[in-house]
Amino acid sequence: MRLLPWTGADGKPCYLSTDNPRSPLSQLADDVEAAQLASAEQVLAGARAVLGDPKAGEHAVRFALTRAVESLGDVLRVAVSRGDGAAR
């Protein structure tokens, strides 16, 4: 079972049961994970810039932190998914 990088409409995790890592849904999950990781790199760079700016206001800091929390959730989901796949 592979944990997919998105949740269902009810917010619960989605899983894929297949032995084919080249299936269309597996490929889509790989693409979404790659996009999430690339986005996290950009969010991290932006958050570092905001934190390094002594003139950054509360709104900028809260925005950067909100995006960083979202990205961290995505990256952790990818890590769990890949860890589970490697253990099988």
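**View 1. Burial across the predicted protein.** Buried residues, meaning those under 20% relative accessible area with a 1.4 Å probe and protein chains only, make up 23% of the 88 residues in the protein. This is a predicted model, in which local features need pLDDT of at least 70 and side-chain atom pairs count only at pLDDT 80 or more, while totals for chains, interfaces and linings use all residues. Residues are numbered from 1 along each chain as its sequence is written, and side-chain values use heavy atoms, with hydrogens and water left out.

**View 2. Order of elements and overall spread.** The protein holds two helices and two strands, taken as DSSP runs (helices H or I, at least four residues; strands E, at least two) and numbered from the N terminus, and these elements follow the order β-β-α-α from the N terminus. The radius of gyration of the protein is 16 Å, well over the 12 Å that the globule rule gives for 88 residues, so the protein is more spread out than a compact globule; the radius is taken over C-alpha atoms, and the rule is 2.2 Å times the number of residues to the power 0.38. The C-alpha trace spans about 50 × 25 × 20 Å along its principal axes.

**View 3. Helix α1.** Helix α1 covers residues 24-51, and its 28 residues reach 40 Å from first C-alpha to last, close to the 40 Å expected at 1.5 Å a residue, where the expected span is 1.5 Å times one less than the number of residues. The buried residues of α1 are Ser26, Ala29, Glu33, Gln36, Ala40, Val43, Ala47 and Val50.

Notes. Buried < 20%, exposed > 50% of the residue type's maximum accessible area, 1.4 Å probe, protein only.
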